[in-house]
Amino acid sequence: MAANPNPIKVVPPPWTVHYEAYVGAFYVSAKSGLPRDIAYEPLEASSAKTTEAGVWKGGMVMIQLLRYTSTPVGPYDEMTLLPGNFEVPGGHGRKYWNLPKHIARFKYIGDFSSPPFTVQLFPEEAGIETPFFTASLQHFAVWTPSFPFSSNVMRWLGVPNSLVQPPLPEGEPKELLCGTDAWYKVTASIYSPKAKIVWMDLKQHGKDGQSDNKNWWPGIKRWHVGLWLQNTQMYLGDPEVLSV
């Protein structure tokens with residue numbers, strides 16, 4: 001068997017990473033139901049392990065668009081979805097922290113570090129020209145002040161800075177879609193010396209004819225207030241293995 005020309009670099013935690021990010025959030029009721037086609041990739045959606053995550057309770061849904069400028073495995077871009085709250089029992093992100101990461105193609109219209117700009121996300125497979133997610137970011141006003149941001153602020157407001165993640169199913173290729181068997185509690189420490197308020201527009205390109213998800217998540221409005229985090233540092237330590 002020929003050697004892999006692009007071997008995956010394995011770096012166990014802890015990790016300290018630096019990035020720039022845009023964060024948007026909105027509240028949804030549990031009565032609206034969880035849109036599984038948005039919340040899960042097909043691998044996780046079809047796995048019995050996903051049901052172990054518990055009952056979806058709605059709550060605050062958070063979208064993060066990140067550009068990692070420095071990590072132990074090099075720079076890369078990422079979209080993260082935190083789909084609200086669950087009633088839970090008592091690649092690197094998958095293997096070490098139970099984060100269900102998948103590869104996607106990013107297309108930018110404009111400069112990530114200089115709003116306004118638009119980002120579109122596509123499945124990894126070539127030939128698919130309809131994005132599964134689109135967001136446009138723009139300044140909140142002609143001028144807005146910047147301020148420091150810390151994950152400690154979220155904790156003081158009652159928003160936990162830790163995630164409880166269920167085990168993940170295994171997919172192909174196993175090097176990228178490795179499975180896990182234990183529940184992990186993951187805690188992140190985040191600090192940005194320069195944060196600003198921005199507008200996040202969730203109008204979806206190519207899906208305008210579908211009234212149920214024209215703004216991506218069914219039933220939500222188009223415009224949302226978000227945060228632009230610059231020169232951000234995040235520390236991810238070893239996960240806490242939980243007994244369930």
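Which residue in β5 is the bridge partner of Asp-111? In this predicted model, the partner is Ser-114. The two residues belong to a pair of neighbouring elements in the account that follows. Strand β4 covers residues 104–111, and strand β5 covers residues 114–123. The strands pair in the antiparallel sense. Their pairing runs over 7 bridges. A hairpin of 2 residues joins β4 to β5.

A second strand, β10, spans residues 223–236. His-224 lies in this strand. Is His-224 buried or exposed? Its relative accessible area is 5%. The cut-off for a buried residue is under 20%, so His-224 counts as buried. Several residues from elsewhere in the sequence touch His-224. They are Ala-25, Phe-26, Val-198, Trp-199, Met-200 and Leu-202. Residues up to four places away in sequence are not counted here. The side chain of His-224 also has a polar atom 2.8 Å from the backbone oxygen of Lys-221.

The surface offers another case. Leu-157 lies in the loop between α4 and β8. Helix α4 comprises residues 151–156, and strand β8 comprises residues 162–165. The relative accessibility of Leu-157 is 64%. Exposed means over 50%, so Leu-157 counts as exposed. Leu-157 also helps to make a nonpolar surface patch. The other residues of the patch are Val-153, Trp-156 and Val-159. The patch has an area of about 430 Å².

Methods: Residues numbered from 1 in each chain as written. Predicted model: local features only at pLDDT ≥ 70, side-chain atom pairs only at ≥ 80, totals over all residues. Heavy atoms only, no water. Helix = DSSP H or I, 4+ residues; strand = E, 2+ residues; numbered from the N terminus. Buried < 20%, exposed > 50% of the residue type's maximum accessible area, 1.4 Å probe, protein only. Polar contact = N/O pair within 3.5 Å; in protein donor to acceptor, adjacent residues only side chain to side chain. Contact = heavy atoms within 4.5 Å. Pairing = 2+ DSSP bridges. Patch = residues over 30% accessible without salt bridge, like charges linked within 9 Å, V, L, I, M, F, W, Y side chains within 5 Å. Areas by Shrake-Rupley, 256 points an atom, 1.4 Å probe, with all protein chains shown as cover. Salt bridge = Lys/Arg side-chain N within 4 Å of Asp/Glu carboxyl O.
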